[in-house]
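Student: I'm new to this structure and would like a close look at a single part of it. Could you pick one helix and walk me through what surrounds it?

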Amino acid sequence: MEKLVKIQIPSTLKKQLVDDWDFVTQQDKLVKLPRSPNVDDILTKYLEYRSKKDGIMTDSVGEILKGIRCYFDKALPVMLLYKKERQQYNEVVHDDVSPSTIYGAEHLLRLFVKFPELLAYVNIEEETLIRLQQKLMDFLKFLQKNQSTFFLSAYDGPKGVSEGKGKGKDD
């Protein structure tokens, strides 16, 4: 039986996804790699943030973050790249390198769009699924709160020329 996990992506992050799509597919621009902070850095920052906020370091959060990292590393080459990004992927990711150490928030956010279909076939208790959904939503809120730090406002043009729309906090 297929369960549907609903993940509500905050509107400012939806706009980020649209801009991301536009930069890559319409303007032939790419995210300059390696990214800083990378996916691993962002997951670590979230763990620190949760630990401070909760006063304790919970195993479940750590497990979920490991899961996000694992899903990211496996899903990136299969379903998170636009066609125009494939060559760049082949140039920067080698056998012994995890995509989560090279890619950043732009590609991590794309994973959250795919999570409902990825988690639909996971054998998981409904109650656990609901808790997981809440944790994923909390992580998205963290991404949103740190949007100006984690996301690029401009991508690299075809010849490595960096240009793009400057984004203020209110965009």
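Tutor: Here is a walk around helix H3, followed by a short look at some other parts of the chain. First, some ground rules: this is a predicted model, where local features need pLDDT of at least 70, side-chain atom pairs count only at pLDDT 80 or more, and totals for chains, interfaces and linings use all residues. Residues are numbered from 1 along each chain as its sequence is written, and side-chain values use heavy atoms, with hydrogens and water left out.

Helices here are DSSP runs (H or I, at least four residues; strands are E, at least two), numbered from the N terminus. H3 covers residues 59-80, and it packs against H6, residues 126-145, at an angle of about 75° with the axes 11 Å apart. Those axes are lines fitted to C-alpha atoms, for helices over the stretch in contact, and the angles run from 0 to 180 degrees between N-to-C directions. That angle makes H3 roughly perpendicular to H6 (65 to 115 degrees; under 35 is roughly parallel, over 145 roughly antiparallel and the rest oblique). On the H3 side, the contact (heavy atoms within 4.5 Å) uses Ser60, Val61, Ile64, Leu65 and Ile68, while H6 brings Leu132, Lys135, Leu136 and Phe139. By class, that contact has 7 nonpolar, 1 polar and 1 charged residues. For the classes, Ala, Val, Leu, Ile, Met, Phe, Trp, Tyr, Cys and Pro count as nonpolar, Asp, Glu, Lys and Arg as charged, and the others, Gly among them, as polar.

Now for some empty space. The structure holds 1 cavity of 30 Å³ or more, and the largest cavity has about 40 Å³ of space. A cavity is a set of points, on a 1 Å grid over the protein atoms alone, where a 1.4 Å probe fits but cannot get out; lining residues have an atom within 4 Å of a point. Grid points are joined across faces, edges and corners, and the volume is the space filled by probe spheres set on the points. Tyr46, Val61, Ile64, Leu65, Ile68, Lys135, Leu136 and Phe139 line the largest cavity. H3 and H6 each give at least two residues to that lining, with the largest share, 4 residues, coming from H3. The lining splits into 7 nonpolar, no polar and 1 charged.

H3 has another partner too: H5, packed at an angle of about 95° with the axes 10 Å apart. These two are therefore roughly perpendicular to each other. From H3, the residues involved include Ile68, Tyr71 and Phe72, and among those they meet in H5 are Leu108, Arg110 and Leu111. This contact has 13 nonpolar, 1 polar and 3 charged residues.

Arg110 also has a salt bridge (a side-chain nitrogen of Lys or Arg within 4 Å of a carboxyl oxygen of Asp or Glu) with aspartate 20, the closest N and O atoms being 2.7 Å apart. Arginine 110 is in H5 (residues 105-119) and aspartate 20 in H1 (residues 11-26), so the pair ties together parts that are 90 residues apart in sequence. The structure holds 10 salt bridges.

Finally, look at the loop between H1 and H2, where proline 34 sits. The peptide bond from leucine 33 to proline 34 is cis, with omega near -5°. Proline 37 lies in the loop between H1 and H2 as well, and the bond leading to it from serine 36 is cis, with omega near 0°.

Definitions and conventions:
On a 1 Å grid over the protein atoms alone, a cavity is a set of points where a 1.4 Å probe fits but cannot get out, and a pocket is an open set with protein on both sides within 12 Å along at least five of seven lines; lining residues have an atom within 4 Å of a point.
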